[in-house]
Amino acid sequence: MKIHKYDTIIVGAGGAGMRAAIESSKNSRTAVLTKLYPTRSHTGAAQGGMAAALANVEEDNWEWHTFDTIKGGDYLVDQDAAEILAKEAIDSVLDLEKMGLPFNRTPDGTIDQRRFGGHSRNHGEAPVRRSCYAADRTGHMILQTLYQNCVKQGVEFYNEFYVLDLLLTEKDGVRRTAGVVAYDLASGEIQVFRAKSVVFASGGNGKFFKVSSNAHTLTGDGQAAALRRGLPLEDMEFFQFHPTGIWKMGILLTEGARGEGGILRNRDGERFMETYAPVMKDLASRDVVSRAIYTEIREGRGCGADKDHVFLDLTHLPPEQLDAKLPDITEFARTYLGIEPYTDPIPIQPTAHYAMGGIPTNVEGEVLSDNTTPVPGLYAAGEVACVSVHGANRLGTNSLLDINVFGRRAGIAAAEYAGGAEFVELPEDPTRFVEDEVENLRDATGTERVVDIRRALQQTMDKNVMVFRSEQTLKEAVEQIGDLRKRYKNISVQDKGKRFNTDLLEALELGNLLDLAEVTAVSALARKESRGGHYREDFPDRDDVNFMRHTMAFREVGDDGTESIRLDYKPVVQTRYQPMERKY
Amino acid sequence: MSSAVMDKAEAEAKQPASHLITATFRIRRFNPEVSEEASWEDFQLEIDPKERVLDALHQIKWEIDGTLTFRRSCAHGICGSDAMRINGRNRLACKTLIKDLNPDQPITVEAIKGLTLLKDLVVDMEPFFQAYRDVMPFLVTSGNEPTRERLQSAEDRERFDDTTKCILCAACTSSCPVFWNDGQYFGPAAIVNAHRFIFDSRDEAGEQRLEILNDKDGVWRCRTVFNCTEACPRGIEVTKAIQEVKRALITRRF
């Protein structure tokens, strides 16, 4: 068994992981373990921009940004964290520019900015230009720029190393970080990486929905590893559905399209968002717009033969503007739908997009084992984490911001910790869990196939845990996921080899998705209110008396081996903003 | 919105759900754990021609043969994982629709060329990334950092816009006959990424990058075959970028 030793291990090479690596590698011997090659991460699929109150094109300030973030998150946001996010946004964008990021420019040569959903001037008066962007390729540019700077700094990468387990060792009554176990996809070898500090930056888990903007590889590997090791997951019931996914495919069409003036229309050509959000209209927050779209569809005003989608209309915008500001999404419409966006509206439907919940951390990126206690040496940042700056609904352009602000913070903190800490002994037989998992799957002769279970999981999630939820749908989901978990135990893979066994990899990923889907559905069932991205038809109002609190879900295994989810709750940090009714 | 637009959209949406066709996918298989020889294998699928080649590969992997191995992630042409040789031409499997491939004939799918084959459609990407890393693909500046952003005019920003689109999929480099014959050649993708910085008004290491590309394995190896431009799934004018680097080497102006 190969055992590597680094001061700091970073799991994941998307925006958060590479931003963390740029910091930690300056002061700490760092390696990045990544399931994909670094520039393959889904950060690259982000389009519209990164929010920061630079005030380059109109009056703006970070306090307005803080307020919008908290309101956008339906007051479930931890307000101290949101303030840090908005304040540090400005330097975060400037840092990226100095690293080389090719932002679009104003006539003065400064970074250009555009409108985005939920971002407003003076606490909701009108939309504000806050999104710093590079055409509709902002995520691509961030990912490339961060990788370029990792190359410049000589950051060490282990590409196509799939982290399957987190190693914690108890010492003086406290569980401390000892390292991770990874599966080398090329060789099929299981290897141990000892480290003083570990940063999880492994991304989201949106692949448990069928209509999803997420990459095939977004299977919640970090969240699932933490959960298995007894750590909580926070606010997993809050999942964002982006209003404009390509109909049936789910491919993202940026909110920047509406920021540039695009309009949503129903089958009668009506600009229906005027009814739902008189001030912000098409630029209301994503949860509001997604619910509006499904309300239109449910009430028979959807488009097409099955009235199952609406239109994103860009036909009134000059072709030059589309070419300059939205080149990629217009090409997606041409490639995948055969539609010319200059002249034809684009059929869209909401698409599963972003997990607001994840591994709980404090504002330094330290992972919490309960409501307040950090796990020594363990950090998380980006979509895998829950700080919580997004609360019940994330604002567009705040995730590219989150990965930069909290990726940086986690990288600094992890290196600092490693500088003053000793290596912790490895637990006994450190690879046992992973070896058992991998060998069991490889040797299994069960009759169930990955594809059938994954399809059934995605179907039940789309049907029962999407934009509209109720006790009935959530109970159905919990029951069906439970059945699927049983079926999963009877799974087998066809590829029995060691080299690049992606058949095995997909089976492992499915196991993670099942675990996280269960937590999501159970957490959603217990939250008997509607808030942000979590909408309960049986409890349509927000209930601040009983539910102004974060959900903390733990996996428990009884003496007889039965597994269950235990829910606990954590207070929301409120500083200067009192909860108000949310109107756009 | 004009009623004409509504009518058109309505008509499009009313088109019947696509019919399935039978298509043959002829895939170049290689698994050194089983055999040292690569061989072709045919798979017949019932599939919607509007689906992507990636969807066909998934259908084979998930329904027929789990050992079929390929890389993929985003599935919409952004992550650069799934460049492969489809009907003899380098493309992304996730950006190639079956209907555009004449599915009456067998559709051939094989790994990109010029990089060591590891398994089925998976090649060793390390030499490709090494060439990229060798051209200093990062902004180099001197002096004190400004407190705010560096200024750049919209025209200066536009100057290198095309080459910022690169997703490092290797479709261009692995379509280049010079690269096939001699893996030491930097290849189009590395030159594209050098171009991206050489022509960035903020950067100060253009001369150094030009010297790197002036090497015997550098830009002069390009024979202007245009395969790279044709292969680029992002529509980058790769050959033009290479020509601009050559010209900069001669004029030392950029």
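**View 1. The loop around A:S388 in this predicted model**. Start with A:S388, which is found in the loop between β18 (385-386) and α11 of chain A. Look at the bond leading into this residue: a cis peptide bond joins A:V387 and A:S388. Its omega is about 10°.

**View 2. Helices α1 and α11 of chain A cross each other**. Here we meet helix α11 (residues 398-420) of chain A, together with helix α1 (residues 15-27) of chain A. Their axes come within 7 Å and cross at roughly 30°. Angles under 35 degrees count as roughly parallel, and α1(A) and α11(A) are therefore roughly parallel to each other. The crossing in which α1(A) passes α11(A) is right-handed. If you would like to find the contact yourself, residues to look for on α1(A) include A:G15, A:A16, A:R19, A:I22, A:E23 and A:N27. On α11(A), the contact includes A:L400, A:I403, A:F406, A:R408, A:I412 and A:G419. By class, the contact of these two helices has 11 nonpolar, 8 polar and 3 charged residues.

**View 3. Chain B is divided into two parts, domain 1 and domain 2**. Domain 1 of chain B covers residues 14-123, and domain 2 of chain B covers residues 126-251. Taken over C-alpha atoms, the centres of the two domains are separated by 29 Å. Where they touch, 13 residues of domain 1 of chain B are in contact with 14 residues of domain 2 of chain B. On the domain 1 side, the largest share, 3 residues, comes from strand β4 (residues 89-92) of chain B. The residues on that side of domain 1 divide into 6 nonpolar, 4 polar and 3 charged.

**View 4. A:D172 has a positive phi**. Follow chain A from β7 (161-171) towards β8 (174-184), and you will find A:D172 in the loop between them. Phi of A:D172 is near 50°, a positive value in a residue other than glycine. Is A:D172 buried or exposed? A residue is exposed if 12 or fewer other C-beta atoms lie within 10 Å of its own. A:D172 has 5 such atoms, so this residue is exposed.

**View 5. A:K248 also has a positive phi**. This residue is found in the loop between β11 (239-246) and α6 (256-259) of chain A. A:K248 is not a glycine, yet its phi is positive, at about 70°. Around A:K248, 15 other C-beta atoms lie within 10 Å, so this residue is partly exposed.

Definitions and conventions:
Residues are numbered from 1 along each chain as its sequence is written. Chains are lettered from A and ligands numbered from 1 in the order in which they are written. This is a predicted model: local features need pLDDT of at least 70, side-chain atom pairs count only at pLDDT 80 or more; totals for chains, interfaces and linings use all residues. Axes are lines fitted to C-alpha atoms, for helices over the stretch in contact, and angles run from 0 to 180 degrees between N-to-C directions. Helices (H or I, at least four residues) and strands (E, at least two) are DSSP runs, numbered from the N terminus. Angles under 35 degrees count as roughly parallel, over 145 as roughly antiparallel, 65 to 115 as roughly perpendicular and the rest as oblique. A crossing is left-handed if the near helix is turned anticlockwise from the far one by less than a right angle, and right-handed if clockwise. Two residues are in contact if their C-beta atoms, placed from the backbone, lie within 7 Å. Ala, Val, Leu, Ile, Met, Phe, Trp, Tyr, Cys and Pro count as nonpolar, Asp, Glu, Lys and Arg as charged, and the others, Gly among them, as polar. Domain bounds come from an automatic or database domain assignment. A residue is buried if 20 or more other C-beta atoms lie within 10 Å of its own, exposed if 12 or fewer, and partly exposed in between; C-beta atoms are placed from the backbone.
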